[in-house]
Amino acid sequence: MAVDRTPVLKRCRSLGLEPAYLGIDKKSKRQLKNNRRKVSEYGAQLREKQKAKFIYGVLEKPFRNYYAKADRMKGQTGENLMALLELRLDNVLFRLAFARTRKEARQMVDHKFVTVNGKQVNIPSYTVKAGDVIEIKEGKKSSQRMKDIAEAVNGRTVPEWLDVDSENLKGTVKSVPMRDQIDVPVDDMSIVELYSK
C-alpha cells in the first residue's frame, strides 16, 4: 500500500496550510521565503488539489474516482466532491472528535474500533449516508486510548450536519454536508477546472 511519508509540518508549509486543519496543534517555527516565483494558473489549481488530497489522506487514483463520481451526481461537481470526501468514515470519526487526527481515525477503523449501524466496518474510505449511526465498539470504549483522545479533543466543535453523544461515543449523520458547512480551506472550483482540461 502506498504511504505518504513526508513530514506533516513540512508539507503544511509547502501548501500554505495551518496544521490545525489536520487536527495537529503544533506550529512550525520556520517561515516560507517570499522570493517564490509567480504561480501559474495550472500551478494554483494543482496546489488546491494537493491540499484536498493531503487533508483527507487520499491518494491520486481514489481522488480521481471521487471526482468522477461527483461529476456524475446532480448539482455542482466541486460541492459534490467535497461532500464525498467529508462522508468518508475516517473523516466522520475525526469530525465527531473520536480521534485526534484523520490518520488516527483511519488507524482506528483499520483496527476494528468502529461500527456503522451496529455492523463492524474496517474500511476507512467507507462512505456513510444520512441517518447512519457511527459508534466505537463496546469493548474499546473504556480503553486508555479513548480516554486519552477524549482529553485531547475536549472542546472541539462538531459540525452541525453531525449529532454526537460524547458519553456513549456514538454519532449520527444528520444530513449530507453543504459546502458552507465544510471548513476546509480548499477552492473546489480550481480542482474542477484542473480535471476538466
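A residue counts as buried when its relative accessible area is under 20%. The structure described here is a predicted model. In this model Glu104 has a relative accessible area of 11%, and it is therefore buried.

Glu104 takes part in a salt bridge with Arg145, in which the closest N and O atoms are 3.8 Å apart. Arg145 belongs to helix α7 (residues 144-152) and Glu104 to helix α6 (residues 102-110), so the salt bridge ties together parts of the chain that are 41 residues apart in sequence. The two partners do not fall into one class of accessibility: Glu104 is buried, whereas Arg145 has a relative accessible area of 22% and is partly exposed.

Helix α7 also holds Lys147. The relative accessibility of Lys147 is 48%, so this residue counts as partly exposed. Lys147 is 88 residues from Leu59 in sequence, and the C-alpha atoms of the two residues are 31 Å apart in space.

The salt bridge of Arg145 and Glu104 can be set beside others in the model. In total, 13 salt bridges are found when the whole structure is searched. In one of them, the side chains of Arg88 and Asp90 meet with an N to O distance of 3.1 Å. Arg88 and Asp90 are both buried. A further salt bridge joins the side chains of Lys141 and Glu138, with an N to O distance of 3.6 Å. Here the partners again differ in class. Lys141 has a relative accessibility of 18% and therefore counts as buried, while Glu138, at 61%, counts as exposed. Salt bridges also link four residues into a network, namely Lys49, Lys53, Glu60 and Arg64.

Two helix pairs involving helix α8 were examined. The first pair consists of helix α2 (residues 41-56) and helix α8 (residues 188-195), whose axes come within 8 Å and cross at roughly 115°. Angles of 65 to 115 degrees count as roughly perpendicular, and α2 and α8 are therefore roughly perpendicular to each other. Their crossing is left-handed. On the side of α2, the contact is made by Glu41, Tyr42, Gln45, Leu46, Glu48, Lys49 and Ala52. On the side of α8, the residues involved are Ser190, Ile191, Glu193, Leu194 and Tyr195. Taken by class, the residues of this contact comprise six nonpolar, two polar and four charged.

Ser190, which lies in α8, shows part of this contact at the level of a single residue. When residues up to four places away in sequence are not counted, Ser190 touches Gln45 and Glu48. Both of these partners are among the residues of α2 that make the contact with α8. The relative accessibility of Ser190 is 11%, so this residue counts as buried.

The second pair consists of helix α3 (residues 60-72) and α8, whose axes come within 12 Å and cross at roughly 95°. This angle makes α3 roughly perpendicular to α8. Glu60, Phe63, Arg64 and Tyr67 of α3 make the contact with Ile191, Val192 and Tyr195 of α8. The residues of this contact divide into five nonpolar and two charged, with no polar residue.

Several residues appear in more than one of these descriptions. Ile191 and Tyr195 of α8 belong to the contact with α2 and also to the contact with α3. Glu60 and Arg64 of α3 take part in the contact with α8 and are also members of the salt-bridge network. Lys49 of α2 is likewise a residue of the contact with α8 and a member of that network.

Outside the helices, two loop residues have a positive phi value although neither is glycine. For Ala97, phi is near 65°, a positive value in a residue other than glycine. Ala97 is located in the loop between α5 (89-95) and α6. The relative accessible area of Ala97 is 15%, so this residue is buried. For Leu169, phi is near 50°, which is also positive in a residue other than glycine. Leu169 is placed in the loop between β4 (162-165) and β5 (170-173). With a relative accessible area of 12%, Leu169 is buried.

How values were computed. Residues are numbered from 1 along each chain as its sequence is written. This is a predicted model: local features need pLDDT of at least 70, side-chain atom pairs count only at pLDDT 80 or more; totals for chains, interfaces and linings use all residues. Side-chain values use heavy atoms; hydrogens and water are left out. Axes are lines fitted to C-alpha atoms, for helices over the stretch in contact, and angles run from 0 to 180 degrees between N-to-C directions. Helices (H or I, at least four residues) and strands (E, at least two) are DSSP runs, numbered from the N terminus. Angles under 35 degrees count as roughly parallel, over 145 as roughly antiparallel, 65 to 115 as roughly perpendicular and the rest as oblique. A crossing is left-handed if the near helix is turned anticlockwise from the far one by less than a right angle, and right-handed if clockwise. Contact means heavy atoms within 4.5 Å. Ala, Val, Leu, Ile, Met, Phe, Trp, Tyr, Cys and Pro count as nonpolar, Asp, Glu, Lys and Arg as charged, and the others, Gly among them, as polar. Buried means under 20% relative accessible area, exposed over 50%, partly exposed in between (1.4 Å probe, protein chains only).
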